[in-house]
Amino acid sequence: MMHLSELTHPNQLHGLSIHQLEQIARQIREKHLETIAASGGHLGPGLGVVELTLALYQTLDLDRDKVIWDVGHQAYPHKLITGRYNNFHTLRQKNGVAGYLKRSESKFDHFGAGHASTSISAGLGMALARDMKGEKFKVVSVIGDGALTGGMALEAINHAGHLPNTNLMVVLNDNEMSISPNVGAIPRYLNKMRLSPPVQFLKDNLEEQFKHLPFVGETFTPEMQRIKEGMKRLAVPKVGAVFEELGFTYIGPIDGHNLEELITTFNQAHQMPGPVLVHVATVKGKGYAIAEKDQVGYHAQNPFNLATGKAIPSNKPKPPSYSKVFAETLIKLAEENPKIVGITAAMATGTGLDKLQAKLPNQYIDVGIAEQHAATLAAGLACEGIRPVCAIYSTFLQRAYDQIIHDICIQKLPVFFCLDRAGIVGADGPTHQGLYDIASLRCIPNLVLMAPKDEAELQRMLVTGIDYTDGAIAMRYPRGNGYGVPLMEEGWEPLEIGKGEILRSGDDLLILGYGSMVYPALQTAEILNEHGISATVVNARFVKPLDTELILPLAQRIGKVVTMEEGCLMGGFGSAVAEACMDQNIPVSMLRLGVPDQLVDHAKPEQSFAELGLTPSQMADRVLQTFKSPVSVAH
């Protein structure tokens, strides 16, 4: 019996029996569950594709052939059989195995991705490059049914189907789920097919039957060709017919946990010319009954007890998360105002909008993995007087940049974007860090940008955003828990647009904090005070419009300015302050603290902050060094 630890190259799967592959599948699930239970991570997706991965890799030469996994949630089995078994316990930890595919981590990670719907486009690009160079290798793009709701995947299918001489296999991993239950016509049709008897209708087989008819032989007249194609339409189910019409040879659905059937089907598909789509039906969380029953809850997990499936409790109670405060406040506002509609792009549980759906289903919309559509849908709603509240992770809103400019801001439509997970997010790494929204959004006309210092101010900003009708408005807030400040149950007052507040006064230094960096700014001021430096601390609240009436006189009087932000420095909050000072010819000495021009890798957030020099003691030390004090306070 081969142990999983001995499997360092996927080509070692060649020649193994079904029984041997089943043994490896069991070991993969055991290691997968053991690791995620200890450290947390994506649980259900990988468990569902164990057999799919083993069968596919047995039919490929991974020294030459290329497999592109969409998103990467489901690629943990891939990692375990491509040389990362011994380090797998470091999954999503600092300097450990990444939670997503990463080209720099392994030669078998052919394309990195943390966002959905990219694999077919990337695979088609590789296939076209192969043909241009006259090379010979197979390209396989694996994509989930949830990711198939993304427009980019459909654009790639449309293009690939137009290239009958380009060999590309697409494996559709259909488990009926992405993170939230899938939305739309395509998943609905896929579900119909899952309930139908498996259909594997191959063009060559039908043609062979025709050849045995009297007077036909090897010759096909145009009339016979039309009859053959008509019979195919009857044999291939509705969605299969759609893919066939788009230019793909369609095979499926097949049982995604039957190794023999998978291997046979993949081998057949590899022999077919042009684009081929293999539809594989799998069960998310397969092999762990608790995850199979709760596929939403066990898509990803914090550390948990493997026997019970229950999360390991924290030693002390924590304040509510920003997402929870956002959701509960939005529900109260929506109960009073039926024009408020919450919009999510397949992240109902992550954003907290599942609570809105449960309480006010008619004021909730899930568009699927389709952030571009979410933004323009919101624009259409706003045209008709509805108050759309788009709750989208900062990293995912990047996908809707053109829609924000073209469809919303140019038309000055009152759409409210609530950017969850803004800033450093931790274990998911570079693809998920929400570091670019300040810089990318503040340059757009007709858009207000704000960030709360704590969960109570988030409540007031939520009211502010819903009340604001002069154009678009966006609020960013971090992942994780608030500070435990008292929350208001009702009667929230909107903030005046573009107005900050002074939280502490001093004559030696001006510290301007934005959003999640306001409390660290206050802590930094306390440390500096111990070293004889008295600082004024301002909660900017708004980066656009910037409160120049408050900030510029202080900057001119004090002369030394420090800005603090949990975002990229290039074009960010500090840049806005520097530009404002320069535009008014105010000479100041300035230190901008934030994320420099580098990617932030996966690690615990506190580790990332320390590495970036953004802890209060480190920032105090930077201030002292910058403004020529001999005292060092960093530890």
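The exercises below, each with a worked solution, explore a predicted model.

**Exercise 1. Find out which strands form the parallel sheet, in what order they stand, and which helices pack on it.**

Begin with the order of the strands, which is S2-S3-S4-S6-S5 in an open sheet of five strands with parallel pairing. Next look at the edges, where S2 and strand S5 (249-255) each pair on one side only. Direction ignored, neighbouring strands of this sheet are turned by 20° against each other on average. Then take one pair in detail: S2 and S3 run parallel and are joined by four bridges, and Val67 stands opposite Val140 in S3. Now add the helices, of which H5 touches S2, S3 and S4, with a direction that makes about 175° with that of S3. Helix H11 (residues 259-270) also packs on the sheet, where it touches S3, S4, S5 and strand S6 (275-281), and its direction makes about 175° with that of S5.

**Exercise 2. Check the length of helix H5 (residues 119-132) against the expected span, and describe what surrounds its buried residues.**

The first step is the length: at 1.5 Å a residue, the 14 residues of H5 should span 20 Å, and because the end C-alpha atoms are 20 Å apart, the model agrees with this expectation. The second step is burial, and here Ser119, Ile120, Ala122, Gly123, Leu124, Met126, Ala127 and Arg130 are the buried residues of the helix. The third step is to ask what covers them, and the cover includes strand S2 (66-69), strand S3 (139-144), helix H6 (151-160) and strand S4 (168-174). Finally, follow the chain just past H5, where Gly134 takes a positive phi of about 70°.

**Exercise 3. Decide whether Thr166 is buried or exposed, and list what it touches.**

Start by placing Thr166, which lies in the loop between H6 and S4. Its relative accessibility is 7%, and because buried means under 20%, Thr166 counts as buried. Leaving aside residues up to four places away in sequence, Thr166 touches Leu124, Ala127, Leu128, Arg130, Asp131, Gly274 and Pro275. Of these contacts, Leu124, Ala127 and Arg130 also appear among the buried residues of H5.

**Exercise 4. Trace the salt bridges made by Glu105, and say how far apart in sequence the partners are.**

As background, side chains of opposite charge can pair when their charged atoms come close. Take Lys79 as the starting partner: its side chain meets that of Glu105 in a salt bridge of 2.9 Å, N to O. This pair links distant parts of the chain, with Lys79 in helix H4 (residues 76-80) and Glu105 in the loop between H4 and H5, 26 residues apart. Turn then to Arg84, whose closest N atom is 2.8 Å from an O atom of Glu105 in another salt bridge. Both Arg84 and Glu105 lie in the loop between H4 and H5, so the pair ties together parts that are 21 residues apart in sequence. Now compare the surroundings: Lys79 is buried, with a relative accessible area of 1%, and Arg84 is buried at 5%, whereas Glu105 is partly exposed at 26%. To finish, join the pieces into a network of salt bridges that links Lys79, Arg84, Glu105 and Asp109.

**Exercise 5. Describe the mixed sheet, its edges and its helices, and then the salt bridge between Lys499 and Asp547.**

The strands come first: S14-S16-S15-S18-S19 is the order of this open sheet of five strands, in which the pairing is mixed. Strand S14 (501-504) and strand S19 (589-595) stand at the edges, and each has a single partner strand, so one side of each is left without a neighbour in the sheet. S14 and strand S16 (residues 535-539) run antiparallel and are joined by three bridges, with Val537 in S16 as the bridge partner of Arg504. Helix H22 (residues 548-558) lies across S14, strand S15 (509-513), S16 and strand S18 (560-568), running at about 150° to S15. Helix H23 (residues 573-583) touches S15, S18 and S19, and its direction makes about 145° with that of S18. The last step is the salt bridge, in which the side chains of Lys499 and Asp547 meet at 3.9 Å, N to O. Lys499 is partly exposed at 24% relative accessibility, whereas Asp547 is buried at 5%.

Technical notes: Residues are numbered from 1 along each chain as its sequence is written. This is a predicted model: local features need pLDDT of at least 70, side-chain atom pairs count only at pLDDT 80 or more; totals for chains, interfaces and linings use all residues. Side-chain values use heavy atoms; hydrogens and water are left out. Helices (H or I, at least four residues) and strands (E, at least two) are DSSP runs, numbered from the N terminus. The expected span of a helix is 1.5 Å times one less than its number of residues. Buried means under 20% relative accessible area, exposed over 50%, partly exposed in between (1.4 Å probe, protein chains only). Contact means heavy atoms within 4.5 Å. Two strands pair if DSSP finds at least two bridges between them. Axes are lines fitted to C-alpha atoms, for helices over the stretch in contact, and angles run from 0 to 180 degrees between N-to-C directions. A salt bridge is a side-chain nitrogen of Lys or Arg within 4 Å of a carboxyl oxygen of Asp or Glu.
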